[in-house]
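Grab your viewer and work through these short exercises on charged pairs and cysteines. Each one comes with a solution you can follow step by step.

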Protein chains: 2
Amino acid sequence: MADKRAGCSIAILAGSGDLPPLLAEAVRHAGDEPVIFPIAGEADIADFAGFTAHEYRWGEIGGLFRLILGAGCREAVFIGGIARRPDFRAILPDLGGLLLLPRILKALRRGDDGVLSEIAGMFAEKGVKLVGPLTVAPELALPEGLVAGNNPAADLRADMERAAEAARAIGRLDIGQAAVAVDGRVVALEGAEGTDGLLERVADLRVAGRIAKSGGVLVKCMKPTQDPRLDLPGIGPRTATAARRAGLDGVAGEAGRALLAGRAETLAAFDEEGLFLIGLPYPRGETGAGDDG
Amino acid sequence: MADKRAGCSIAILAGSGDLPPLLAEAVRHAGDEPVIFPIAGEADIADFAGFTAHEYRWGEIGGLFRLILGAGCREAVFIGGIARRPDFRAILPDLGGLLLLPRILKALRRGDDGVLSEIAGMFAEKGVKLVGPLTVAPELALPEGLVAGNNPAADLRADMERAAEAARAIGRLDIGQAAVAVDGRVVALEGAEGTDGLLERVADLRVAGRIAKSGGVLVKCMKPTQDPRLDLPGIGPRTATAARRAGLDGVAGEAGRALLAGRAETLAAFDEEGLFLIGLPYPRGETGAGDDG
């Protein structure tokens, strides 16, 4: 693996899920050659065969900057899930990480957004511009309107509104991005378990008889206060499968600030499961009008 | 079982948990003789041996009022959990229930508070005054301040504030009453799964490595918009056990509007598990200043 290639400009910090390899391909397709940093414990370096890739361990922040700058990258993008919150106190950071540790510890106490914003600030200080995945690959954005399946009836539209309201309320508190509403009632809110865990819970609640009615909808919204370069909600084929298992009728996200994990694959999965997928307009006046801050 | 007894004035509609038998005993201790209506599928009529008790099935609302009024009761109190949301569409209501069905269906779409408020309205129309359990048995209220265990340190106090803020935010949306914060971050919010399910999830999240730090706190708050006669948050010995399994340091509720499922038993359980229990002041200006509306 060569650390430097002609045309390299973007470093991809890759979490879990299907999105990071898709973004890597999209960047290459656009004529750029990314350098990938799969996050240990989240992404598998084997998913980036054919790309320059260096596994990144939390705490090795000094080394990370050396590699990014050494590869000639002046932009970086975060993509994918981070399921396990790094416990920086339990790992031995490298020298660069050690110097930054107090800032990271402070940021960790402020929730996901706190950590990510702090890391974005460190990138900027090193001369690496953090950009949003949708700046790099706009084709990954969820479009507005009905994207897959059949248009939902009025009662499901109402469920969508309730779930969106709840998702934004917990987003404002930096807790989670997703909510599920069934039959006029929000039955489950996302916390540290993530969207997969949320949908599993809804499936369990149905088995336990705690959700009397069938159907319902999952809505994912960007946290209103969040930096749109970081941690955008993702929707993919697995979302369709999990939503179906949870007995839902469909899924909605925010158009232009939710990421589709492969448009063709995602739409095919929703069609196959018989679920609708909708891109909602999001409230203007919040963050998110642009994402290349 | 005689339907009428001298001195009967209070009907107790009993859901699940330890609270309904405790309330029945408290009413008797105060010199009154309650008539109990254990809700089928939630409460076990066998737990009310020695009391006049009639199992109540959702939908038999006409019969319920006949029994309540026939027993000479002019007041009624709801207590205990309702885990399974009644699907009124799946049961055959009696004549009284049939007439009220459209109102109940409409109320069901408005969440828990909607159903309960609607039922309270029906009671009032029948001449039965709905009262709060704390009016009937003030000794069941969580007192203010440190009630069990050791005073939590500043970081846990901060967790308590965050969890209380989150619990109130989801309460305003009539979703749930409880939130768990660990190490400065809200990790789980209560939905249809209830507090037991919430605490099980926190235990699972720890096993899965999705909560990096030990400790934390469960906070239960009355929904700010809710009628304090209905569905007050409950804290009991099982709360202590479940909170311990979830790896928490303690539990907080609102003083004067959370119910203790037996003061001595609950305090002993918290002490035994090594957890603190705290009664928080609640924001004035919301509902809940009085509960005998």
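**Exercise 1.** In this predicted model, work out whether A:Glu193 and B:Arg201 are buried or exposed, and then find what the pair joins.

*Solution.* Start with accessibility: A:Glu193 and B:Arg201 are both buried. Next, check the contact: the two form a salt bridge, with their closest N and O atoms 3.9 Å apart, and the cut-off is 4 Å. Now place them: A:Glu193 sits in the loop between β8 and α7 of chain A, while B:Arg201 belongs to helix α7 of chain B, so the pair joins two chains.

**Exercise 2.** Which parts does the salt bridge between A:Arg238 and A:Asp196 tie together?

*Solution.* First, the distance: the closest N and O atoms of A:Arg238 and A:Asp196 are 2.9 Å apart. Then the location: A:Arg238 is in helix α8 and A:Asp196 in helix α7 of chain A, so the bridge ties together parts 42 residues apart in sequence. Finally, exposure: A:Arg238 is partly exposed at 49% relative accessibility, and A:Asp196 is partly exposed at 37%.

**Exercise 3.** How buried are B:Asp174 and B:Lys223, and how far apart are their closest N and O atoms?

*Solution.* Buried means under 20% relative accessible area. B:Asp174 has 11%, so it's buried; B:Lys223 has 2%, so it's buried too. Their salt bridge has its closest N and O atoms 2.7 Å apart.

**Exercise 4.** How many disulfides does the structure hold?

*Solution.* Tally over all chains and you get zero. As for individual cysteines, A:Cys221 is buried at 1% relative accessible area, and B:Cys73 is buried at 0%.

Notes:
Residues numbered from 1 in each chain as written. Chains lettered and ligands numbered in written order. Predicted model: local features only at pLDDT ≥ 70, side-chain atom pairs only at ≥ 80, totals over all residues. Heavy atoms only, no water. Disulfide = S-S within 2.5 Å. Buried < 20%, exposed > 50% of the residue type's maximum accessible area, 1.4 Å probe, protein only. Salt bridge = Lys/Arg side-chain N within 4 Å of Asp/Glu carboxyl O. Helix = DSSP H or I, 4+ residues; strand = E, 2+ residues; numbered from the N terminus.
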